[in-house]
Amino acid sequence: MTESMVSRYEKLVHAGPPGDVPVLFDTACVLGGSIAGLMAARVLSDRARRVVVIEPDDTSAETGSRPGVPQDQQVHTLLPVGQRWLERWVPGTTRQAQDRGASLVADQGTTVINGVPQAPDGEGHHLLAVGRPLLEALLRNRITSLPNVSVLRGHATGLQYRDDAVSGVRYDAGAGGGQGGRSEGVLDADFVVDAMGRSSRLSNWLKGSGYDQPRIERLEAPVNYATARFARPAKVADLETPGALALFTPEYPSSGVSVAAVQPIEGRQWIVMLMGYGDSRPGRTIGEFREICTKLPPVFATATAGAVIGDVMTYHQAESRRRDFTGAVRFPARLVSVGDAVASFNPIYGQGLSSAALHASCLASYLADGPDLGTAAREFFRLQQVVVDAAWAVSAGGDAARLDALHGTEVPDDVRQQRWAMEQIAAATLVDGDVTRAFNSVSYMLRHPATLADPALLAKAVAANGTAAPVAG
Ligand SMILES: Cc1cc2nc3c(=O)[nH]c(=O)nc-3n(C[C@H](O)[C@H](O)[C@H](O)COP(=O)(O)OP(=O)(O)OC[C@H]3O[C@@H](n4cnc5c(N)ncnc54)[C@H](O)[C@@H]3O)c2cc1C
């Protein structure tokens, strides 16, 4: 096990606000005012005289969709690591979400694999069931009400440089500002964060200015989401099962559904998601949606029995991708990138929001270590790579195994053994609470995946599986 990686990761998981620290920047500018951008803005608010978030969308509404985040109507699970980050950096967010009708759901018994619930891990984890727009609005309200944080409505269109360091951001307030006509400007900034999401143009800007582009890695992961909301007459406290995550292995007969989730969110609503891989597009009409839900754990039929609210919202994503900034040799100082702009994974693992939180921790840690701001932020990118690698190992590991099985690809012995070990551990979560605890601490991003490569854990899992009744599939 790579101990240093594990302990570096855990320090990031536990990072909190720095207290009274020196201001390093006059103006820090964050490009993109979604979750990753807001979290970075919170970190920078301790380090800059002012923080300006440039965001093209009108973000005044607390619910509903906005064009810059096309996935925002889909189920979003906030893993415990992300929720803990929020409570450290923006304390009281969970309570605020609950006051607005979101629910804090105990995770025990909610994860069901091929119809069998996981053995309880005894940790008492809770998951915040909240619509993504509301979560983002709560964060935005809190962070932009800090005295030194403001939002400039516009599209960032490029960067300016002085002495091989970023010195300003070009923006167009007309394009997103709804003013009619164009209104271009430059914001002087002595630190810039790219948080423009999966389709960030930063690589093109860098190339256009003679800098190295980050290397991009892609992994085929064709996922089809269908999400719908339904009226929820009952209070969460009165529900026997207030949420579920149903997972199916490829061999299990499941109407084409690989993963299904149901959560009691604000507005007395259930949000229900069905996901299929490749050609499988389950639940595109309400009729089909409800029909499939009758074959899932009972809470799905309960949730979909009420009046449907709006349409079924579908979303297709073809691949996971990550950008490696650590290999860029010629790179400007005072520039970093966070969130989906760096890595966006198969969303079914629920890692995006929590990765953004850990990237913000990387930024806090980098700034705390007294960095040389006259050179590229390599130490930041190296730290961030620990987080990206960890998340990628979990999601890409599963996707690569699925693809190899689909195409009948020969895999090297060591990879085959690793996959076998992971299958043993996953199967043992149905019968052994200790194994569930180790497994969930990684799937909740609280611990590094290398912690699962513990021979004692594998031995325990194999022994537990040997004595357990076999689970179909
Ligand atoms: C179907 C689906 C389901 C998901 N489910 C989960 C889940 O269950 N749990 C989870 O943790 N994550 C989930 N995710 C991932 C999650 O949505 C993202 O990780 C999360 O939104 C953080 O992204 P971000 O802030 O980096 O970027 P985004 O949310 O994509 O935001 C990018 C921002 O940049 C702005 N922008 C774009 N261009 C410019 C520009 N030129 N100038 C200024 N601003 C600009 C946009 O308007 C937007 O506000 C899911 C993703 C998908 C696709």
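Visitor: What separates the C-alpha centres of domain 1 and domain 3?

Guide: In this predicted model, the two C-alpha centres lie 34 Å apart. The bounds come from the domain assignment: domain 1 is 3-70 + 83-91 + 134-217 + 319-395, and domain 3 is 412-467. Domain 2, at 100-131 + 220-318, completes the assignment.

Visitor: How do you know that domain 1 and domain 3 are in contact, and how many residues does the contact take from each?

Guide: Contact here asks for heavy atoms within 4.5 Å. The contact takes 15 residues from domain 1 and 8 residues from domain 3.

Visitor: What makes up the area buried between domain 1 and domain 3?

Guide: About 940 Å² is buried between the two domains. Carbon and sulfur atoms give 71% of that area. On the domain 1 side, V6, Y9 and E10 lose the most area to domain 3. Together they account for 40% of what that side buries.

Visitor: Why is the pair R447 and E10 called a salt bridge?

Guide: Set the distance against the cut-off. The side chains meet at 2.8 Å, N to O. The limit is 4 Å between a Lys or Arg side-chain nitrogen and a carboxyl oxygen of Asp or Glu, so the pair qualifies. The count between domain 1 and domain 3 is 1 salt bridge. E10 also appears among the residues of domain 1 that lose the most area to domain 3.

Visitor: Why do D324 and R215 count as a salt bridge too?

Guide: Their side chains meet at 3.8 Å, N to O. That value is within 4 Å, so the name applies. D324 lies in strand β16 and R215 in strand β12, so the pair ties together parts that are 109 residues apart in sequence. The structure holds 24 salt bridges.

Visitor: What makes a space a cavity, and how many of 30 Å³ or more does the structure hold?

Guide: In a cavity, a 1.4 Å probe fits but cannot get out. The structure holds 2 cavities of 30 Å³ or more. The largest has a volume of about 60 Å³. The second largest has a volume of about 40 Å³.

Visitor: How do you know where the largest cavity lies?

Guide: Look at the lining. Domain 2 and domain 3 both give residues to the lining, so the largest cavity lies between them. Its lining includes D107, Q108, Q118, T436, N440 and Y444. By class, the lining has 3 nonpolar, 7 polar and 2 charged residues.

Visitor: Which residues line the second largest cavity, and what classes do they divide into?

Guide: Y9, Q351, A390, A391, V394, V442, M445, R447 and P449 line the second largest cavity. They divide into 7 nonpolar, 1 polar and 1 charged. Helix α11, residues 378-407, gives the largest share, 3 residues. At least three residues come from each of domain 1 and domain 3. R447 of this lining also pairs with E10 in a salt bridge.

Visitor: Why is the second largest pocket said to lie where it does?

Guide: Domain 1 and domain 2 both give residues to its lining, so the second largest pocket lies between them. About 180 Å³ of space lies in this pocket. It has 15 lining residues, and the closest to its centre are G64, Q73, R229, Q269 and I309. A pocket is an open set of points, whereas a cavity keeps the probe in.

Visitor: Which elements give two or more residues to the lining of the second largest pocket?

Guide: They are α5 (132-144), β12 (215-231) and β16 (308-324). Strand β16 gives the largest share, 4 residues. The lining divides into 5 nonpolar, 7 polar and 3 charged residues. Strands β12 and β16 also hold the pair R215 and D324.

Key
Residues numbered from 1 in each chain as written. Predicted model: local features only at pLDDT ≥ 70, side-chain atom pairs only at ≥ 80, totals over all residues. Heavy atoms only, no water. 1 Å grid on protein atoms, 1.4 Å probe; cavity = no way out; pocket = protein on both sides within 12 Å on 5 of 7 lines; lining within 4 Å. Points joined across faces, edges and corners; volume = space filled by probe spheres on them. Nonpolar A, V, L, I, M, F, W, Y, C, P; charged D, E, K, R; others polar. Domains from an automatic or database assignment. Buried area = accessible area lost by both parts, 1.4 Å probe.
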